[in-house]
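Please open the structure in a viewer and keep the selection tool at hand. The tour below proceeds stop by stop, stating at each one what to select and what is found there.

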Amino acid sequence: MDTFYYLIQNTLPVAIPLLLVALGGMFTERSGVINLALEGVMLFGAFFGCLCVLFLQNSKMNPQTVLIIGMLIAAVSGILYSMLLAFAAINMKADQTITGTALNMLIPAAVLLFSKMKFNSDGVTTDMKFYIKEVPVLSKIPVLGQLFFQNTYLTVFIGFLLLIIATIIFYKTKFGLRLRACGEHPQAADSVGISVYLMRYFGVGISGFLGGIGGFFYSVGVMNGNVNGHTGVAGFGFLALAVMIFGQWKPLNILFASLFFAFLRTLAYSVSLIPFLNSLNVNQAYYKMLPYVATMIALIFTSKKSRAPKAEGIPFDKTK
Amino acid sequence: MHKSKFSPQKLLKSKALSAFTAALLAIILGLIFGYIIMVIASPENSLDGFNMVLVGGFSRLGDVFYFATPILMTGLAVGFAFKMGLFDIGASGQYTMGMFFALYVGFMWKLPGSIHWIVCIIAGMIGGMIWGFIPGFLKAYMNVHEVITSIMTNYIGMYLVDMWIQGNSVMYVPSKTRTAYLPATAQIPSLGVANSNVNVSVYIAIAIAICLYVVLNKTTFGYELRATGFNKHASHYAGMNSKRNIIITMLIAGGAAGLGGAFAILAPSMITGSSMTYEPVSVIAANGFNGIAVALLGNSSPIGIIFASLFISHIQRGGTLAALFGYKPEIIDVVIAVIIYFSAFAMLMQTTVAKYFKKHRKNKKPESNANEEPVVTLNKEA
Amino acid sequence: MENYIIEMLHITKEFPGIIANNDITLRLKKGEIHALLGENGAGKSTLMSVLFGLYKPEKGEIRKDGKPVKIDDPKDANDLGIGMVHQHFKLVENFTVLENIILGVEPNKMGFLERKKAKAKVLALSKQYGLQVDPDALIEKISVGMQQRVEILKMLYRDNDILIFDEPTAVLTPQEIDELMEIMRGFAKEGKSILFITHKLNEIMAVADRCTVLRKGKFIGEVEIKDTNKEELSKMMVGRDVSLTVDKKDNTPGDVVLSLKGVTVSSKTSKKDAVKDVSFDVREGEIVCVAGIDGNGQTELVFAITGLEKQSKGEIALCGKDISKASIRTRSKSGMSHIPEDRQKHGLVLDYSLEDNLVLQRYWEPKFENKGFIKRNEVHSYAEKLSKQYDIRSGQGPLTIARNMSGGNQQKAILARELDKEHKLVVAVQPTRGLDVGAIEYIHKQLVATRDSGKAVLLVSLELDEVMDVSDRILVMYEGEIVGDLDPKKITVQELGLYMSGAKRNVGKENEHA
């Protein structure tokens, strides 16, 4: 049972970045723009968030407050970076795949460059202790207490909160309705007076916001507050895309998909702790590959019936 | 008014010219960006540093060719696939897989010196082909988007190769976390240029580029490929077998990228008794992504790619030399990424320029087919 | 002074190379149902798009209640009370009925949707006008008839009084058509004014008060329905312009070349089949023309015959050999040539040179290929030969990029390619669309010559002149079925118009729609 708690406790901080970035991707794609630059956005947000932490870590601030400030910085940087994609895709009608790839390549290079210049290392290392051993009071609840309120990070709670907010905005507001219309049938939206260009900018901006936060939460929860230009975010940006497709662009499904993928990954690193798996004596590398293989299998099954936003990737042209 | 001055002859030339100027524009913008970074980092050395980036490569010509070879191959992989409308972002994984197959044959098979390295190279090609086949097959038969499957195969390939290497006691030296030195018979013969590892693979790579050029432009297969990349509806109308063509294209692209990996790892070392080594530390091969830059700059044409790879290698050498002035070579990676970003619009500029010339020519003709499709060299599938 | 609620005065709208609306005047009275009649390309949809703010006219003025107004976008139109039900619905498929209706005018409190409020209003409107809908149903799951009601409710929800319907019955079943007419009559009684675009004479006679007729962008006339009949309307619609009479000898058809039995093709956009149980033969030395208004299944029929799409039922045979399941290339090799409807989408690879396009159907033949390599010299000289023979003009000869050739020469290139290869049947779809008189004449000559040499020609055309002058036999398609098998020598254009608009039939079922 302890192992089970351990697995869940370790899955959650890994799932949250996937969840947030996938949600961000969902907003963009549902507005009609393909965002392949998520990997880059994550790293960008992580980088600035960690820099912020670095600045603040020696002040006497509460670690969680530092985390929140870092998160806000990461969010803003994410939005700014995603504007590069927005401009290229929406105004210049450039190929969205190439632009996304360029932006993904730019960031690790920039991070490495900066880190080597300023710190003579591959990234940013911080000293902050974000880890929460026990949440007062709540950690005493049987079962749930151990699952959610012990050995965790603030990122998990913020992540769930953002999920709820995002879902509400997506389905219950005027904005969400209009955004979704632009990704399915931009001509219909245009014919009722909605500005498709503006909506798509918002869509991309939101993915920048969530992507930046997701990246920062990745470095907090998975990399212990560090950022590395070589390993970046280990493909989480792309895994998030897979989570998004697997979740068929719907928030609740995305939640389950990210939990599933994060669980596989956690399993990979915890093999030695699970006697049953340990005895199978399977090389750890296979476990590490699991999320990626699972993604491919998921794609094979969903591509047949996949219900991607109809107008995604197609630049909006009023004359049509 | 628009008589002989604006003949279609000029138009054709200007289309090719605009592709070149588009690439040039993207390059200039990237370099300017790099220069700005240099100024921010260390203003007093910036002019010297920038100058080094621009001309440093000339003093290291052997190395320029040496380092150009792997990205020439990955550039060919990406460019060839582009011609058919496919984005081979999996070049890194194919490169790594090719490298592994080459290593395996190098270490585990004992063959006479004259053919050992040749067999290794072929093994590398096969490794890449297998790795290219996977996304190709999934795309052709299950309509799965090749970008995400390729990215996944990049990671899977990386983990597999690292695992296989680490598990092989002949290949791997745990204390150094690197592969062992390859036997001399497996290494590609050097060209004997002083201070450089440049070797026969350069010739092979260029020969392959020329071959691919011939395939694309002179064979019926190339005819079908380019037709499909330009207009898949017309290809369907003409009865072309798109499923088969997608798979063959990805096999060729994969093979090219695999060769890139093989060439990189089988290169001879200037220090006798040693060789190139690989460090299996779960990193995606950068040369795969640089291949994308090469393909875009070379406008997906094999001959253009040869020059683009030389250019990229040239500024990379310059960047390494700029370290003399205190600059980190990573600046060049940033420059390359910026070049790619701008070349995505640069193609749009090429379209706008071509359209502009076309409008002038066609101004007088009554044409009720008002909506023309824009001239796009790269066909994407969303 | 009559009380016109809307006047469109002397509207001229141009697109590159074509004048879609040429000095057109339309007057709509309050509370009337006014039909806008014309063939394809007459300019009806363009005129209504001007009214709805989707296009800006080069010349002309629009007035509401006698006062000039400016309509620059759909919002302006909406503010004036004008709403439009488009021919191709502008509905978001994975939204509910309710969401589609309120999109753009959502009732909300600080951004949060007030669905209950909206639903109540929709249900009230639905009851008031007898428009049965389920507000929570997803668009992609409901019938086309209900989808149209959603489009109508969109207008009513916005308190539109001037309702434009663009070819509303094109996708409806007969019962749904009757329901729609009742709904329109209901609106008129309430004082709403209706404009409806159509080419279907029965419907105009059944429900309209007055009708404006357009032809080739020009205003032909405005009539009171009670003072006219179908024949007169048909005559105004098709008219008698300068026709190109084609020099044609009589023919004696030979063996059957193409045979269709019970071919049915499903539609991608609606639940009705696009082609319903079609059977006919085309013989050697015969030009059979499939006539009809665009959108009645001709495109899908051709796709099934040529192999671009699969039919859901039925058999197709070429010279006795069953090709129902054959690939496109097999059909081509078996003697089928295809001049496609969309020359830029299917017919040519625009970025290829003229010579590369001329061998598009034959590049793999030993004449042009040797061990995988293209015999460039052969291709080049072939292109030169064809260019001379078919008078294909291009800036740089065979090396010209197809994109830079004029439409007429592009079409000649396709014609040359398809007629020069070995063939027994030519399927030509709208081969003269968008071409000038000279090119049209040339292509007609070629088609007749092909027929005279003993080949079979299946022509699909929307141009009545072409249909009457070029063909030996006319098959009229209406709503996916063959409703007429006619001899062009024995009927008049007016009569043809009646068949095309579903008012008459001489094949299959009893005359239902008279």
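The tour visits a chain contact, a pair of helices and a sheet, all in a model that is predicted.

**First stop: where chain A touches chain B**

Begin by displaying chain A and chain B together. The contact between them involves 41 residues of chain A and 36 residues of chain B. Next, select helix 4 (96-118), helix 10 (236-246) and helix 13 (284-305) of chain A; each supplies at least two residues of the side of chain A that touches chain B. Of these, please highlight helix 4 of chain A, which gives the most to that side, with 14 residues. If the side of chain A that touches chain B is then coloured by residue class, 25 nonpolar, 10 polar and six charged residues appear.

**Second stop: helix 2 and helix 10 of chain A**

Remain in chain A and select helix 2 (residues 38-56) together with helix 10. Their axes come within 7 Å and cross at roughly 125°. At angles between 115 and 145 degrees, a pair counts as oblique, and helix 2 and helix 10 of chain A are therefore oblique to each other. The crossing of helix 2 of chain A past helix 10 of chain A is right-handed.

Which residues meet here? From helix 2 of chain A, select Leu38(A), Glu39(A) and Met42(A); from helix 10 of chain A, select Phe236(A), Gly237(A), Phe238(A), Ala240(A) and Leu241(A). By class, this contact consists of six nonpolar residues, one polar residue and one charged residue.

**Third stop: the sheet in chain C**

Now turn to chain C, where six strands form an open, mixed sheet in the order 18-21-22-15-23-24. Select strand 18 (336-339) and strand 24 (481-486) of chain C to see the edge strands, each of which pairs on one side only. From one strand to the next, the twist averages 20°.

Within the sheet, select strand 21 (residues 425-429) and strand 22 (residues 456-461) of chain C; these run parallel and are joined by five bridges. Opposite Val426(C) stands Val457(C), in strand 22 of chain C.

**Last stop: helices on the sheet**

Add helix 14 (residues 407-420) of chain C, which packs on the sheet and touches strand 18 and strand 21 of chain C. The direction of helix 14 makes about 175° with that of strand 18 of chain C. Finally, select helix 17 (residues 493-500) of chain C, which also packs on the sheet, touching strand 15 (286-291), strand 23 (473-478) and strand 24 of chain C. The direction of helix 17 makes about 35° with that of strand 23 of chain C.

Notes:
Residues numbered from 1 in each chain as written. Chains lettered and ligands numbered in written order. Predicted model: local features only at pLDDT ≥ 70, side-chain atom pairs only at ≥ 80, totals over all residues. Contact = placed C-beta atoms within 7 Å. Helix = DSSP H or I, 4+ residues; strand = E, 2+ residues; numbered from the N terminus. Nonpolar A, V, L, I, M, F, W, Y, C, P; charged D, E, K, R; others polar. Axes fitted to C-alpha atoms, helices over the stretch in contact; angles between N-to-C directions. Parallel < 35°, antiparallel > 145°, perpendicular 65-115°, else oblique. Left-handed = near helix turned anticlockwise from the far one by under 90°. Pairing = 2+ DSSP bridges.
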